[in-house]
Amino acid sequence: MTELNPYLGILLLTIAAAGFLVTMVILAIVLGPKNPTKTKQMPWECGAIPVGSVRDQRFNVRFYLIAMLFILFDIEVVFMYPWAVVLEQLGTFALWQMLSFMAVLVVGFVYVWRKGVLNWND
């Protein structure tokens, strides 16, 4: 029984999340619209009637670049958090490793900035 204790919280959280999911799906079915009409099924776009098909619209490439850069830098921050938690145990070598890692990130950020990827005014 002692081996199960560390995983008991994860098991309870999984059961609670699954229960919440099932409850929300059932509530959506029970309380959802019963008589769908063409007007009710239309997507709502800030009060304006949608024009054209979504497949015909083109997005600016900068949108995708910003999205990829956000994911890249967001993942790097996720890597930094566990490192910061155990920094005392890792010692100064790990500190220098992280500083060099952050230097590479700063160089990449400056490169992206100078290339104008973050400039939306053009």
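Student: Is Phe63 buried, partly exposed or exposed?

Tutor: This is a predicted model, and the term depends on relative accessible area: under 20% is buried, over 50% is exposed, and anything in between is partly exposed. Phe63 has a relative accessibility of 44%, so Phe63 counts as partly exposed. Tyr64, at 42%, also counts as partly exposed.

Student: How many aromatic pairs are there?

Tutor: A pair of aromatic rings is described by the distance of the centres and the angle of the planes. Centres must lie within 6.5 Å, and planes over 60 degrees apart make the pair edge-to-face. By this rule there are three aromatic pairs. One of them joins Phe63 and Tyr64: the ring centres are 5.4 Å apart and the planes stand at 75°, so this pair is edge-to-face.

Student: What are the distance and the angle for the rings of Phe73 and Phe109?

Tutor: Their centres lie 5.9 Å apart with the planes at 90°, so Phe73 and Phe109 also form an edge-to-face pair. This pair links distant parts of the chain, since the two residues are 36 apart. Phe73 belongs to helix H3 (residues 61–85), while Phe109 belongs to helix H5 (residues 92–115). Phe73 is partly exposed at 24% relative accessible area, and Phe109 is partly exposed at 34%.

Student: Which residues form one aromatic cluster?

Tutor: The cluster consists of Phe73, Phe109 and Trp113.

Student: Where should one look for nonpolar residues inside the protein, and which residues form the largest nonpolar core?

Tutor: In soluble globular proteins, nonpolar side chains tend to be buried together. In this model, the largest nonpolar core has five residues, namely Met80, Trp83, Ala94, Met98 and Leu105. Helices H3 and H5 are the elements that each give two or more residues to this core. The greatest contribution comes from H5, with three residues.

Student: What does Trp83 touch, leaving aside residues up to four places away in sequence?

Tutor: With those neighbours left out, Trp83 is in contact with Leu90, Ala94, Leu95 and Met98. Two of these names, Ala94 and Met98, appear with Trp83 in the core.

Student: Which residues form a nonpolar patch on the surface?

Tutor: The patch is made of Phe20, Leu21, Val22, Met24, Val25, Ile26, Leu27, Ile29, Val30 and Leu31. Together these residues have about 990 Å² of accessible area.

Student: Is Val30, a member of that patch, buried or exposed?

Tutor: Exposed means over 50% relative accessible area. Val30 has 51%, so Val30 is exposed. In the chain, Val30 lies in helix H1 (residues 5–31).

How values were computed: Residues numbered from 1 in each chain as written. Predicted model: local features only at pLDDT ≥ 70, side-chain atom pairs only at ≥ 80, totals over all residues. Heavy atoms only, no water. Phe/Tyr/Trp six-rings, centres within 6.5 Å; stacked < 30°, edge-to-face > 60°. Buried < 20%, exposed > 50% of the residue type's maximum accessible area, 1.4 Å probe, protein only. Helix = DSSP H or I, 4+ residues; strand = E, 2+ residues; numbered from the N terminus. Patch = residues over 30% accessible without salt bridge, like charges linked within 9 Å, V, L, I, M, F, W, Y side chains within 5 Å. Areas by Shrake-Rupley, 256 points an atom, 1.4 Å probe, with all protein chains shown as cover. Salt bridge = Lys/Arg side-chain N within 4 Å of Asp/Glu carboxyl O. Core = buried A, V, L, I, M, F, W, Y, C linked by side-chain atoms within 4.5 Å. Contact = heavy atoms within 4.5 Å.
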